[in-house]
Amino acid sequence: AAPAAAPAPSPPPALTSFYYQLEGYNCWAAGASEPLPARPTEVPIGSAADCRNACSQYADCEGFILGNKAHRGRCWLRTRVDVMMCAQNVGRDVSDWDFHLRAKPHQPYSTAPVHEFYIYRATAPGATAMHPLGEVNAANMDGVLWYLMNEVVTDYSQGVRCPRRFGIDRIHRFKVRVRSTNALAKTGMNFGVRFAYDQGKCEGRCFVDNMCTGEGDCASMYNDYGFFVGCNRFSDNYPFPIEANAAPNGVWYSFPLAGRCQGVPSGAPDCTWSFEDAGALELADLESVAPGGTNCCNGHCTNFWVDEFNPQKMGWRVQAAQGKFKQVFPQWPADLPAPPCNFDHTKWYANDKWHRRDPWSGHAEQTR
């Protein structure tokens, strides 16, 4: 009998082709990246898509430098990348160089548990429809009330704001489901670091005086752990606020759009959270719980925001807001408590060498 045919070789594993674009990052210098060994340093291409395709052909290609302006159309493939060591353009203007970091492969599912809880955002009319949840920060009830009290209805205790800042007139509630990736769960945490988002851009960790670590910090951590939901407890004083305040139970969150999916999240790097709209409460309705007083705007006055430095009064505000939500939306539970925010910054940033810059002014720290 004729010998059996040899089995067909297994196809090679698929090479990931997702890239993080880091505007203004030049990762050419030694320590930031190296050229691919035994292959051309520069690839003749015409677009970022051409360069992505070229990089994706090699398992050890970790990203590429793409020229802009005078160097437009030039591309260099790189390996052994350390984004923290890359030169970074100050401010938000696109420089002559960008770096595109190639995403690491991750397991397509996670064995971590799913957590279901409420988050809140202070919004203006129509904002949620125009900008659905994703690439944003949110908070628990304590956190959103602290934000409203300091930046929206008053001006950091310097008096009443009217009209309210950014036209904000309501608290929008969402029910979220969150599952960490296996890579994150192995660190013993449900959440990663809380990054700051502004106008859909990840600015990294933002400390006092708007000094931020930049989108390279975001890309590096998302590359290592998938598009995790981040959190920070006010009581940790990291990265902000940096001192005790009237909302010791406050928590802020970050929700990367690339981690959003439908239904029960799988914990894959691109499916770590989903959400459901759970109603919006107008500030006027909330403020009617305590009528009168001197905080007056749009024809009504309220005592809801008085005694802003008193943690006990903040506790009363939280209960009042949850009760008002229950009154307006009786079909929903008054509260869905979140799991503990257990991110530990010492596990990721014990040796923190990320440079900090003010992305809104272009100012960079002189010392680290």
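How many of the residues of helix 5 (residues 215–225) are buried? Keep that in mind as we go through the views of this predicted model.

**View 1. Helix 5 is mostly covered.** Here is the reply to the opening question: 10 of the 11 residues in this helix are buried. They are Glu215, Gly216, Asp217, Cys218, Ala219, Ser220, Met221, Tyr222, Asn223 and Tyr225. Just after helix 5 comes Gly226, which has a positive phi, near 80 degrees.

**View 2. Helix 3 (residues 141–152) meets helix 7 (residues 311–328).** The two axes come within 10 Å and cross at roughly 110 degrees. Since angles of 65 to 115 degrees count as roughly perpendicular, helix 3 and helix 7 are therefore roughly perpendicular to each other. On the helix 3 side, the contact is made by Met141, Asp142, Leu145, Trp146 and Met149. Helix 7 brings Met314, Arg317, Val318, Ala321, Gln322 and Phe325 to this contact.

**View 3. The setting for both close-ups is a protein with eight helices and 19 strands.** Its C-alpha atoms fill a box of roughly 90 × 65 × 35 Å along the principal axes. Of the 368 residues, 48% are buried. Among contacts with a separation of 6 or more, 73% are between residues 24 or more positions apart.

**View 4. The accessible surface of the protein comes to about 17500 Å².** Carbon and sulfur atoms account for 53% of that surface. Turning to charge, the protein has 34 positive and 37 negative charges, and the mean positions of these two sets are 3 Å apart.

Notes: Residues numbered from 1 in each chain as written. Predicted model: local features only at pLDDT ≥ 70, side-chain atom pairs only at ≥ 80, totals over all residues. Heavy atoms only, no water. Buried < 20%, exposed > 50% of the residue type's maximum accessible area, 1.4 Å probe, protein only. Helix = DSSP H or I, 4+ residues; strand = E, 2+ residues; numbered from the N terminus. Contact = heavy atoms within 4.5 Å. Areas by Shrake-Rupley, 256 points an atom, 1.4 Å probe, with all protein chains shown as cover. Lys, Arg positive; Asp, Glu negative; His and termini not counted. Charge placed at Lys NZ, Arg CZ, Asp CG, Glu CD. Axes fitted to C-alpha atoms, helices over the stretch in contact; angles between N-to-C directions. Parallel < 35°, antiparallel > 145°, perpendicular 65-115°, else oblique.
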